[in-house]
Each structure stands twice: as C-alpha cells, then as structure tokens.
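Trainee: I keep meeting words such as "buried" and "compact" when people talk about protein models. Could we go through one together and ask what stands behind each word?

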Amino acid sequence: MDNQTGKPAFPRGIYGITAEKFSNGRSNVEVARQMIAGGIRLIQYREKRPHKSFGAMLEECRLIRRLTREAGVLFIINDYPALALLVDADGVHIGQDDFPVPEVRKLIGPDKLIGLSTHGPEQAAAAVAGGADYIGVGPIYSTQTKEDVCAPVGLEYLDHVIAHSPLPFVAIGGIKEHNLAEVLAHGATTICLVTEIVGADDITATVRRLQAACR
C-alpha cells in the first residue's frame, strides 16, 4: 500500500496477464493459480467480448479475486471498469481507444489503480496529466498476442519513459526469456511476458525463473 495515496503499490518483477487462447487448454483460473504459486505479485485478467460472455468473465474473475486476495497479489482487470468494481479488483488497465482516464476514475473511485497503455512520448505525458497510476510501455518487440496491435515502439521509447516519466511502468510486447536481459539492461523493473508464461509446460517454475532474473 502506498502510504501517501492509499492505493496499492505497483510491484516490481513479472506482471502476469491471462491469455486463455495461448494457455494450452488450461483455464484462466488455473493459470492464475500457478502464477501465484510461482511468486507473481500482480495478475491482469484480459479477455474480450465476444470471445467470452460477461457472465463467464465475472465468474472467472470472482474466483481469481479470491485466489489473489488470499495470496496478497494485486488483481487488475483489462478494459472493463464495471467488472473491476463487481469483483473488487485492485484496479483497471485501459487502452488509448477506451474511455479517458479521468472518466474511468469517476467510475472506479480514488483508491484503485488505473493503468494506461502508451506507445509514444506524447501518450506518456498525457497519462501523467490525466491521472494514470502507471503506464504500459510497448509493444517493445513485435507481438501476435493482441489483435490489432500497433507496430513495435522499440527500446528507444522505453529509454524515453525511464528518463522522463514519473509514473511506474510495465514493459510489454514481444518480450521473451531470450530477450528479457536486454529489456532489464535498459532499466525496466516491471516486465510482462504473456505467452512465455501462460504457454509454458510448467507455469510455476517459469514464473520463479523469470522473477529471479528480474532481481
């Protein structure tokens, strides 16, 4: 907990995201359970309509919220502030085409985190002005995990954020175990690997290995 704001503190290390499409038949709940066993400190639930109904998402998020609360792990909902409120998640993560940060803040209140995906310096500055609590920086490399994703922003934008943005951030997009050291060398302290984790044969062991690399 951040003593100044009352909001949850943004953790260092691996930022976990669910991605059922790449999870080799495992449910999002099972993936979250294995991530937690590996020592992850933050999980974002990311599913989209119409691939999954709101009812199914609500049920999954209630189960994951229970797991994360018991383990003291932050739980963030991607795109859906109402879903975050229904399950009392710790925050919501939105994109550039979603509702503006100040409007989302009106919905979710002052005590929950708002993360905003950014792809360039102007968006990073706007995130600060709009009241975001942290930003996503990416995609660093080419990625096929998200549909309609923008072109890679590369390590130059990561360097810009480290030098100029006061906000915590997560480096994301195309990051794998083989290029993780490069991202860390540029100064990132919170890093997201999606398919490398959810598609792993042993998610728990993979998270432990990646967390150790980030120390």
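Mentor: Gladly; we will take the whole chain to begin with, then go on to single residues. Please keep in mind that this is a predicted model.

Trainee: What makes the protein chain as compact as a globular protein of its length?

Mentor: Start with its make-up: the chain has nine helices and eight strands. Its radius of gyration is 16 Å, and the globule rule gives 17 Å for 215 residues; the two values are close, so the chain is as compact as a globular protein of that length. Along its principal axes, the C-alpha trace spans about 40 × 40 × 35 Å.

Trainee: How much of the chain is buried, and how much area does it expose?

Mentor: Buried residues account for 53% of the 215. The area exposed by the chain is about 10100 Å², and 52% of that comes from carbon and sulfur atoms.

Trainee: What share of the contacts joins residues at least 24 apart in sequence?

Mentor: Counting contacts between residues at least 6 apart, the share is 57%.

Trainee: And how many charged side chains are there of each sign?

Mentor: There are 22 positive and 25 negative side chains, with the centres of the two sets 5 Å apart.

Trainee: Now some single residues. Why is asparagine 24 called exposed?

Mentor: The word applies over 50% relative accessible area. Asparagine 24 has 55%, so it counts as exposed. This residue sits in the loop between β1 (13-17) and α1 (28-37). Its phi is positive, about 55°, although asparagine 24 is not a glycine.

Trainee: Aspartate 88 also has a positive phi of about 55° without being a glycine. Why is aspartate 88 called partly exposed?

Mentor: Partly exposed covers the range between the buried limit of 20% and the exposed limit of 50%. With a relative accessible area of 39%, aspartate 88 falls in between, so it is partly exposed. You will find it in the loop between α3 (81-86) and β4 (91-94).

Trainee: Which peptide bonds that lead into a proline are cis?

Mentor: Two examples are the bond from arginine 49 to proline 50, with omega near 5°, and the bond from glycine 138 to proline 139, with omega near 0°. Proline 50 belongs to the loop between β2 (42-45) and α2 (54-71), while proline 139 is in the loop between β6 (134-137) and α6 (154-164).

Trainee: How do you know that cysteine 61 forms no disulfide?

Mentor: A disulfide is a covalent bond between the sulfur atoms of two cysteines. To count here, the two sulfurs must be within 2.5 Å. The closest cysteine sulfur to that of cysteine 61 belongs to cysteine 192 and is 16 Å away, so the gap is too far for a bond. Cysteine 192 is in no disulfide either, as its nearest cysteine sulfur, in cysteine 214, is 11 Å away. The structure holds zero disulfides.

Trainee: Are those two cysteines buried or exposed?

Mentor: Buried means under 20%. Cysteine 61 has 0% relative accessibility, so it counts as buried. Cysteine 192, at 1%, counts as buried as well.

Trainee: What makes valine 137 buried?

Mentor: Its relative accessibility is 0%, so valine 137 counts as buried. Valine 137 is in strand β6. Beyond its neighbours within four places in sequence, its contacts include Thr118, Tyr157, Phe169 and Ile172. Isoleucine 203 is 66 residues from valine 137 along the chain, and their C-alpha atoms are separated by 24 Å.

Trainee: Why is threonine 206 called buried?

Mentor: At 6% relative accessibility, it meets the under 20% cut-off, so threonine 206 is buried. Threonine 206 is part of helix α9 (residues 203-214). Setting aside neighbours within four places, threonine 206 is in contact with Glu196, Ile197 and Ala200.

Trainee: Last one: why is glutamate 47 called buried?

Mentor: Compare its relative accessible area of 10% with the limit of 20%: the value is under it, so glutamate 47 is buried. Glutamate 47 lies in the loop between β2 and α2. Leaving out residues up to four places away, glutamate 47 touches several others, including Glu20, Lys52 and Tyr80. From glutamate 47 to alanine 126, 79 residues away in sequence, the C-alpha distance is 26 Å.

Methods: Residues are numbered from 1 along each chain as its sequence is written. This is a predicted model: local features need pLDDT of at least 70, side-chain atom pairs count only at pLDDT 80 or more; totals for chains, interfaces and linings use all residues. Side-chain values use heavy atoms; hydrogens and water are left out. Helices (H or I, at least four residues) and strands (E, at least two) are DSSP runs, numbered from the N terminus. The radius of gyration is taken over C-alpha atoms; the globule rule is 2.2 Å times the number of residues to the power 0.38. Buried means under 20% relative accessible area, exposed over 50%, partly exposed in between (1.4 Å probe, protein chains only). Contact means heavy atoms within 4.5 Å. Accessible areas come from the Shrake-Rupley method with a 1.4 Å probe; for residues, only the protein chains shown count as cover. Lys and Arg count as positive and Asp and Glu as negative; His and the chain ends are not counted. The place of a charge is taken as NZ of Lys, CZ of Arg, CG of Asp or CD of Glu.
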